[in-house]
Amino acid sequence: MKIFIDTANLEDIREIAKWGILEGATTNPTLLSREGKDPEKVLKEICELVPGPVSAEVTSEVAEDMVKEAQKLAKIHKNIVIKIPFTVEGLKAVRALKEEGIKTNVTLVFTPVQALLAAKAGASFVSPFVGRLDDIQANGMEMVEDIITIFENYDIQTEVIVASIRHPMHVLEAALVGAHIATIPPKVIRQMVKHPLTDIGIQRFLEDWKKLNKKG
Ligand code: G3P
């Protein structure tokens with residue numbers, strides 16, 4: 001499973017990119033607005049910090065305008081993938097961009113049939129939001145599992161990016177159901193590397209090693 005980072009914060013991306021685990025990044029209008037900087041400059045810098053696809057979302061609501069916005073965003077860097085919200089207009093835009101060779105990531109997906117339609121329209125990626133379904137007592141990961149089953153049934157090449165991840169268990173569950181990608185907030189990535197028994201074990205090794213050196 002590929003690990004993408006889900007943020008537009010350059011400091012977080014710069015730090016975690018050094019760990020050697022990232023294969024892409026996702027942003028959205030909310031994440032970019034939090035940074036309060038020129039979005040195009042931020043997106044370009046993200047593309048220079050992480051290898052692989054970087055999702056940039058359109059905010060237009062009509063297909064024709066989405067396509068124009070996408071063409072502009074795609075010029076920022078070769079790794080830019082265009083995030084398109086799941087709507088009828090979005091499907092039309094995905095199809096048009098597919099014809100132009102511009103990759104898309106259909107976002108705000110909440111059902112397996114939405115993911116199927118997005119793939120049929122030509123999306124390179126679909127982003128089912130697990131956390132927002134869990135927030136309303138629905139089972140987000142079950143939805144992801146159904147998408148994976150459908151895509152495998154018909155050898156659909158669209159990649160599933162598990163998004164709206166709230167904690168490390170979402171990452172584990174995404175990997176267990178065979179998702180292609182998990183896009184993870186920096187906070188959750190940092191949670192993934194911490195375990196008290198690892199910390200205790202390292203401390204004990206170091207203390208015992210010091211004892212040996214004292215004897216020596
Ligand atoms: O990539 C989509 C993700 O950023 C949405 O997460 O926490 O707003 O549901 P959240």
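Student: In this predicted model, what makes the pair formed by the K83 side chain and the ligand a polar contact?

Tutor: An N or O atom in the side chain of K83 is 3.3 Å from an oxygen atom of the ligand. The cut-off is within 3.5 Å for a pair of N or O atoms, so this one counts.

Student: Which distances put R132 and S164 on that list too?

Tutor: For R132, a polar side-chain atom lies 2.7 Å from a ligand oxygen. For S164, a side-chain N or O atom is also 2.7 Å from an oxygen atom of the ligand. Of the 310 Å² that the ligand exposes when taken alone, the protein buries 81%.

Student: Which residues surround the ligand, and where does it sit?

Tutor: The shell is D6, N28, L31, K83, F129, R132, A163, S164 and R166, and the ligand sits in the largest pocket.

Student: How does that shell divide by residue class?

Tutor: You get 3 nonpolar, 2 polar and 4 charged residues. Lys and Arg count as charged, so K83, R132 and R166 go in that class, and Asp puts D6 there too.

Student: Back to F129: why is its pair with F110 called edge-to-face?

Tutor: Check the centres, then the planes. The ring centres are 5.7 Å apart, and the limit for pairing is within 6.5 Å. The planes stand at 70 degrees, and over 60 counts as edge-to-face, so the name fits. The structure holds 1 aromatic pair.

Student: What makes it a link between distant parts of the chain?

Tutor: F110 is in the loop between β5 and α6, F129 in the loop between β6 and α7, 19 residues apart.

Technical notes
Residues are numbered from 1 along each chain as its sequence is written. This is a predicted model: local features need pLDDT of at least 70, side-chain atom pairs count only at pLDDT 80 or more; totals for chains, interfaces and linings use all residues. Side-chain values use heavy atoms; hydrogens and water are left out. A residue is near a molecule or strand if one of its heavy atoms lies within 4 Å of it. A polar contact is a pair of N or O atoms within 3.5 Å; within protein, one must be able to donate a hydrogen and the other to accept it, and residues adjacent in sequence count only if both atoms are side-chain atoms. Accessible areas come from the Shrake-Rupley method with a 1.4 Å probe; for residues, only the protein chains shown count as cover. On a 1 Å grid over the protein atoms alone, a cavity is a set of points where a 1.4 Å probe fits but cannot get out, and a pocket is an open set with protein on both sides within 12 Å along at least five of seven lines; lining residues have an atom within 4 Å of a point. A molecule sits in a cavity or pocket if more than half of its atoms lie within 2 Å of its grid points. Rings of Phe, Tyr and Trp (its six-membered ring) pair if their centres lie within 6.5 Å; planes under 30 degrees apart count as stacked, over 60 as edge-to-face and the rest as tilted. Helices (H or I, at least four residues) and strands (E, at least two) are DSSP runs, numbered from the N terminus.
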